[in-house]
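Here are my notes, as requested. They deal with the domains, one interface and the ligand site.

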Amino acid sequence: MEDSRSFDAVVVGSGPNGLAAAVKLAQEGLSVAVFESRATVGGGLYTAELTLPGFHHDVFSSVHPLAAGSPYLRTLPLADHGLEWVHSPAPLAHPLDDGTAVMLERSLEATAQNLGQDAGAYRRLVESRASHFDDLAGDVLRPFGLPSHPVLFAGFGLRAIYSAAGLAQAMFGGPRARALFAGLGAHSIMPLYRLGSAAIGLVMCAAGHAVGWPIARGGSQGIADSLASYLRSLGGEIIAGAEINVVDGLPKARAILLDVTPGQMLRMVNGLPAAYRRKMGKHRYGPGAFKVEWALDGPIPWKSTDCRRAATVHLGGMLQDVVRAESGIWGGRHAEKPFVFLTQPSLFDATRAPEGKHVAGAYCHVPNGSTVDMTDAIEAQVERFAPGFRDRIIERHRMPPAELERLNANCVGGDIAGGRQTLRRLLQTSLRGSPYATPADGIYVCSSSTPPGAGVHGMCGYHAAAAVLRRFSGTRRREPEERAVWEPPI
Ligand SMILES: Cc1cc2nc3c(=O)[nH]c(=O)nc-3n(C[C@H](O)[C@H](O)[C@H](O)COP(=O)(O)OP(=O)(O)OC[C@H]3O[C@@H](n4cnc5c(N)ncnc54)[C@H](O)[C@@H]3O)c2cc1C
């Protein structure tokens with residue numbers, strides 16, 4: 001593509017990180033253009049009628065504790081640009097085979113009460129993190145550095161370094177709390193006995209009490225559309241339907257920010273040093289996802305009626321079942337009984353489906369690039385806790401890893417996190433400051449492959465934009481992160 005205009009900054013990719021970066025730069029008065037290959041903006045924020053007309057499905061991301069709790073996104077006037085959060089009465093339900101469900105309620109006390117013998121331990125684990133969630137999010141959703149709240153952060157770090165299964169077993173004696181925490185830990189996309197897999201579980205749990213796990217009215221696309229609308233109001237431009245194969249064809253810009261993963265970056269940028277190319281070429285992508293979306297002729301018939309109070313339902317049973325389901329995936333094995341992340345947005349947002357009908361979606365982790373059809377295994381897990389579910393399906397839409405990647409080039413092999421999540425990745429990126437710069441002058445990476453990693457929070461984009469702004473203001477040499485280039489660990 002040829003474009004003779006020039007901008008202060010050009011962003012390639014309009015995922016939440018690309019849009020957040022563009023908005024931050026535009027807020028500072030810079031001219032910004034965003035180039036997006038898809039016809040719609042948003043990357044992982046994408047709502048479409050996948051099954052039948054009138055049934056609106058979130059293709060990728062659907063539930064947004066990290067967006068609602070994002071230190072940057074929550075400062076933006078997105079409500080003025082159409083974003084409306086919808087909260088289900090409880091953020092999360094985790095049904096068990098005895099017909100009950102462990103509930104993550106908005107109230108910490110109510111949650112503790114449904115954990116029986118572990119009520120006190122739950123309060124001790126979660127209370128300070130939930131009541132100071134804004135401070136915690138500020139220190140966690142950024143590249144590692146000196147925390148602004150060292151005592152809170154140190155307390156978090158001491159537990160976050162545990163494995164999710166290890167922390168659940170160390171803290172809790174009863175099966176209900178253990179099962180709940182195992183499900184939260186599964187959001188790490190790591191085997192649950194790996195060190196560091198507890199971190200995301202703790203953040204998700206604290207966020208549940210502090211900001212909830214909201215969905216966006218009308219679908220996740222609404223988050224992207226509100227960011228895009230705000231960006232345009234600041235003078236930013238968005239060019240959709242423009243796939244960028246090499247950055248050389250882009251309009252002239254003082255900075256180029258790439259909302260892409262390492263493999264894509266290597267294809268797009270010429271002239272990178274050979275050693276850097278070799279190192280980046282060894283980047284390991286993480287597990288993929290297999291996703292199914294359903295059009296339903298009624299709500300899911302959960303055995304536990306509590307499950308009807310939560311937009312998100314974790315299906316996997318007890319801690320050992322969840323551990324087993326997640327354990328083999330890094331090694332290339334598929335779970336016979338996968339751990340399933342299910343959302344049922346139309347129970348709380350009537351715009352998602354025709355009157356009386358519903359949409360629901362679910363995914364499980366699979367080995368990267370898997371071609372195994374997990375539909376039956378996923379539906380069997382729903383049936384386990386909601387007998388008669390299959391009878392309510394009017395239409396289904398399957399998305400194996402290859403389809404996710406076709407719809408969003410950043411989902412390499414179905415990877416939903418921009419790379420394999422490991423403790424080493426956390427620590428190495430941490431110790432390297434905020435590595436958004438590449439060795440190519442003026443070229444930065446701002447996707448979820450950079451710190452602080454996956455999730456719709458926009459903080460990778462925000463911090464990459466901050467690095468660009470520091471460079472523009474001439475403070476480059478004083479910023480440690482400008483000395484480190486982006487090298488995700490292998
Ligand atoms: C199935 C699934 C479920 C998820 N569920 C949740 C959830 O419930 N909550 C949550 O917080 N997170 C969830 N996530 C994770 C979340 O969606 C991502 O972490 C987030 O979208 C990453 O944002 P990003 O801006 O880094 O990249 P992306 O959102 O992936 O955006 C990248 C953009 O770049 C564009 N692009 C790529 N290459 C080019 C090119 N060459 N030229 C032009 N444009 C290009 C792509 O089209 C895309 O629009 C989920 C992800 C998946 C896949």
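The points below start with the domain layout and end with the ligand.

1. The model is predicted. The domain assignment splits the protein chain into domain 1 (6-37 + 242-284 + 420-483), domain 2 (48-64 + 287-413) and domain 3 (107-210). Domain 1 is thus listed in three segments and domain 2 in two, while domain 3 is given as a single range.

2. Between the centres of domain 1 and domain 3, taken over C-alpha atoms, the distance is 30 Å. The two domains do touch: twelve residues of domain 1 are in contact with ten residues of domain 3.

3. The size of an interface is often given as the accessible area lost when the parts come together. For domain 1 and domain 3 the buried area is about 940 Å², with 76% of it on carbon and sulfur atoms. The rule finds zero salt bridges across this interface, and one residue pair in polar contact, both at pLDDT 80 or more.

4. On the side of domain 1 that touches domain 3, α16 (423-431) and α17 (459-472) each supply at least two residues. By class, the residues of that side are five nonpolar, seven polar and no charged.

5. The ligand is surrounded by 33 residues, and the closest are E36, G44, V63, N408 and G455.

6. Three backbone contacts to the ligand can be checked in the viewer. A backbone N or O atom of G44 is 2.8 Å from an oxygen atom of the ligand. For V63, a backbone N or O atom lies 2.8 Å from a ligand nitrogen atom. A polar backbone atom of S37 is 3.1 Å from a nitrogen atom of the ligand.

How values were computed
Residues numbered from 1 in each chain as written. Predicted model: local features only at pLDDT ≥ 70, side-chain atom pairs only at ≥ 80, totals over all residues. Heavy atoms only, no water. Domains from an automatic or database assignment. Contact = heavy atoms within 4.5 Å. Buried area = accessible area lost by both parts, 1.4 Å probe. Salt bridge = Lys/Arg side-chain N within 4 Å of Asp/Glu carboxyl O. Polar contact = N/O pair within 3.5 Å; in protein donor to acceptor, adjacent residues only side chain to side chain. Helix = DSSP H or I, 4+ residues; strand = E, 2+ residues; numbered from the N terminus. Nonpolar A, V, L, I, M, F, W, Y, C, P; charged D, E, K, R; others polar. Near = heavy atom within 4 Å.
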